[in-house]
Amino acid sequence: MDNRAAQQRIGQIRQQLVQEIDDKDQKQEYAQLWAGFYKKTLQQRLDQLNKIQNVNVEYFKDGGLSLQNANLMVENCIGKIGMPLGLGLNFLINGQYYIIPMAIEEPSVIAAASAAAKTIAECGNGFETYSTRPVMMGQLQLLNVDNQSKAECLIDSNKISIINRGNQACQNMVKRGGGIEDVKLRQLGDGQASVDIFINVCDSMGANIVNTVLEHLAPLIEEITGYQVGIKILTNLCLNRKVTSLFKLNIEKMNYKNYTGQQVAQMILNAYKFAQLDYFRAVTHNKGILNGIEAVCNATGQDGRAVNASLHGYASIDGKYKPLSKYYIEGDQFIGELSIPISVGTQGGVISQNPLYQAVFQILEYPDSQKLAEIMACVGLAQNFAALRALTVEGIQKGHMSLHAKNIAISVGVPDHQVEDAVLFMKNRGSFRKETAQEFLKAYHLFQEIAKVKGKKNQSLCTFSAQFQLEGSQEKVELHVVFDCHSNKRIDVDFLSQSEISIKLFGTKGHTWFQNLFKIINIVKIEEQSENIPKKGLTVKLKVISILINLLSYNLLIIDYDKTRNYLNYVLNQQHIDFPDGEIEFKYGIALLTELLHIFEYNIQQFIGEQVLKNALLNEQNLIIKSHINSFEFWQKAKLDKEFQIGNFWLYRKKRLSCTMMLLCDCINFKSIDEKLVELMKQLGDVYEIEITLTRDTEKWKDATLKDPNIYTYWLMQHDQLLQGDRNCVLDQFKNESSAMLEMKRQRIQPLLPTSMAHLSKQATTAVSLLYQSRF
Ligand code: HMG
């Protein structure tokens, strides 16, 4: 390495850094320009690139290389193979921001390099780089050398004439300021020596020119030494073409995810130490560096194999394979450094054969070969830093798999602008399978369909999922909902996850609760005698949606009664009202409830033929929600409004049990549905609802709060018994009154039931006993 030149360059760079990096505005302006680039569509990205860098983006669309050129480049050509090209962002190198094209088939590499570069720019002053001049070494093998020292003296004393003769073979390089700089003989022993020719190859990678010079020099070397020249070839281990990239981070600012800067720094040092101690780990550590370097090689038309060979050779130059990067702490600074031999060119090679490379170099602002090597070292170092940070903080799979999810989403046909939503959906479900992406797609299509009907526009989309395995049945009930939450923040909830938001909106009801509930629902369900139940899936799905609507609307009323009531009153009257504002969880809940109502309605309109049943189902759903609103309202007014009859409270309170809804859903599978059947189901549902409410509320009346209206406590308040301390003794009185009312209703319905359903009016009693056996 030419130390003086390198030092001078560092001096210049530092000066530049002082002037430019302190310019906070420049950093901010840049950050704003490219932040969130990955969230844009492909076309938006191309437009931005074209606008900012004035690049002809057409080449990027088909890979640039023509078939004719491909045919000229390799033997037996049959076509060409594409590779994705992306942009590494946030690279602040020696005070200047670079946008770095990277071509690689592996997801997460470009994101990782950009994320690390962002940290390095924001928590430090970006990368500092320096490099030696582009000097390559060629080798002439000397054979049958019986006197190594004599051969060395002969080469040394004829150095000038060797240089002059060699330069004849590379006159253009000499004119550019390059050409042969030195000649040395290395004794190898065992009858062999290597005549090493050092050539400044300027902006070329150097392989061609070095090999040309070597072949030109071979006869002269044989003449001077008297020994036979064997092979003549450059070495890819270009120790005289070294580049260094370095960054310093303020440790305090290195915090990442839930870890402090100190912790992150220490964890990365531990991982680095592992690579120093163990060459199995060192190889993978270096693979991470090569992820970045090779991607830039691919994008800029370099011989990546040469770079790879050089780096692995250098990693083991002391006889033990070592990590190429270094990490250490100095005072309050965490320092990362990568110093490697790289041979890359910006002229010659395949660069002129494919116009795409010209566009790539335009993005890079036409670096010379030294600058390009420096850029590569920065990308390699950034990628290594990102991988170590991810490995130590959260494991590599989280980031890697979520980006891989993008590929899966695309492969199942998720449209471009929804890929990010699909990925988030998969991430939250913790499943990166094709089936999961398909579930999203299906839910998205439904959302679009409904949005078309309702004339809505989608902004940021949230998702909701619920899956249940019903006991005793192979059947899995799945519900995936995509909806517009009217917020920039997207939220994805899995009902079964029991996450904070899920508990807030649905209570602690989980999988077991649903299973138990369906056990009871199945006791009170009516079945058509037919073997063939064509719409069984729809029946269960509507039941689940209705139960979710029931739970959600109830909980939203608890969270904010006034806003929810107001909103729901408009929605139920088919009037428009803007989404109420509030905490994000509340907005999510309201939007989800709206979407569930739409999905419920959509399924009914699409898949149920009989108007009478359609109307009954839709009215019943509205009645359930209205009853929630009213039972809260009457419950709050109970003490003040003595005139208000318990019968009215019964009307609303019992609807929480939604038995009528369950029976109406069962009607979907009946061969013939008419007004009479629907009316019968309503009356039967009424009996069920009263009996179950009666049992539930008399069991739980002591727990009644303003948030959980209770029929018995209401009755007590009406009778001024609540505050007088003799509540237990009147329980029987209430039960007797209510049971009489229930029995009357049961008697009324019994003669109306067909023989096949005669047992049904008593089924609620069985269900109730099961309910209180299991106490779910
Ligand atoms: P994060 O910190 O959560 O990202 O990392 P963020 O959401 O905070 O975003 C920060 C910046 O990262 C963004 O800035 C983007 O520039 C970029 P903004 O635009 O917001 O201003 N970014 C993205 N760019 C493009 N597409 C994206 C994207 N997301 C963020 N989707 C990240 C998330 C995936 C980057 C992180 O988890 C990570 O670095 N993971 C490591 C991934 C990795 O190293 N992959 C390589 C393959 S694994 C391997 O082969 C090598 C290995 O074996 C080597 C070894 O063992 O050492 C691991």
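**Close-up views of a predicted model**

**View 1. Helix H10 against the four-stranded sheet.** Helix H10, spanning residues 207–225, lies across S4, S5, S6 and S7 and runs at about 165° to S7. The structure shown here and in the other views is a predicted model. Helix H7 (residues 148–157) also lies on strands of this region, crossing S5 and strand S6 (192–200). The direction of helix H7 is at about 175° to that of S5.

**View 2. Strand order in the four-stranded sheet.** The sheet is open, its four strands follow the order S5-S6-S4-S7, and the pairing is antiparallel. Strand S5 (179–189) and strand S7 (228–234) occupy the edges; each has a single partner strand, so one side of each is left without a neighbour in the sheet. On average, neighbouring strands of this sheet are turned by 20° against each other, direction ignored.

**View 3. Bridges made by strand S4.** Strand S4 comprises residues 135–143 and is joined to S7 by five bridges, the two strands running antiparallel. Within this pairing, glycine 138 has leucine 234 of S7 as its bridge partner, and leucine 143 stands opposite glutamine 228 in S7. S4 is also joined to S6, here by eight bridges and again in antiparallel fashion. In that pairing, the bridge partner of leucine 140 is valine 195 in S6. In a regular strand, side chains alternate between the two faces of the sheet.

**View 4. The three-stranded sheet.** A further open sheet has three strands in the order S12-S11-S13, and its pairing is mixed. At the edges stand strand S12 (476–484) and strand S13 (492–494), each with a single partner strand, so that one side of each is left without a neighbour in the sheet. From one strand to the next, the twist averages 10°. Nine bridges connect strand S11 (residues 461–469) with S12, and these two strands run antiparallel. Threonine 463 has valine 482 in S12 as its bridge partner.

**View 5. Helices on the three-stranded sheet.** Helix H17, residues 419–429, lies across S11, S12 and S13, and runs at about 40° to S11. Helix H23 (residues 584–607) packs on the sheet as well, touching S11, S12 and S13. The direction of helix H23 makes about 120° with that of S12.

**View 6. Polar side chains at the ligand.** Three residues place a polar side-chain atom beside a ligand oxygen atom: lysine 257 at 2.4 Å, arginine 281 at 2.8 Å and asparagine 291 at 3.3 Å. Taken alone, the ligand exposes 1,100 Å², and the protein buries 82% of that area. Helix H6 (109–122), helix H12 (279–300), helix H15 (369–393) and helix H16 (396–411) are the elements that give two or more residues to the shell around the ligand.

**View 7. Composition of the ligand shell.** The ligand is surrounded by 30 residues, of which the closest are Gly36, Ser108, Lys118, Tyr256 and Lys257. Sorted by class, the shell holds 13 nonpolar, eleven polar and six charged residues. Lys257, one of the closest residues, is also the lysine with a polar side-chain atom 2.4 Å from an oxygen atom of the ligand.

Notes
Residues are numbered from 1 along each chain as its sequence is written. This is a predicted model: local features need pLDDT of at least 70, side-chain atom pairs count only at pLDDT 80 or more; totals for chains, interfaces and linings use all residues. Side-chain values use heavy atoms; hydrogens and water are left out. A residue is near a molecule or strand if one of its heavy atoms lies within 4 Å of it. A polar contact is a pair of N or O atoms within 3.5 Å; within protein, one must be able to donate a hydrogen and the other to accept it, and residues adjacent in sequence count only if both atoms are side-chain atoms. Accessible areas come from the Shrake-Rupley method with a 1.4 Å probe; for residues, only the protein chains shown count as cover. Ala, Val, Leu, Ile, Met, Phe, Trp, Tyr, Cys and Pro count as nonpolar, Asp, Glu, Lys and Arg as charged, and the others, Gly among them, as polar. Two strands pair if DSSP finds at least two bridges between them. Axes are lines fitted to C-alpha atoms, for helices over the stretch in contact, and angles run from 0 to 180 degrees between N-to-C directions. Contact means heavy atoms within 4.5 Å.
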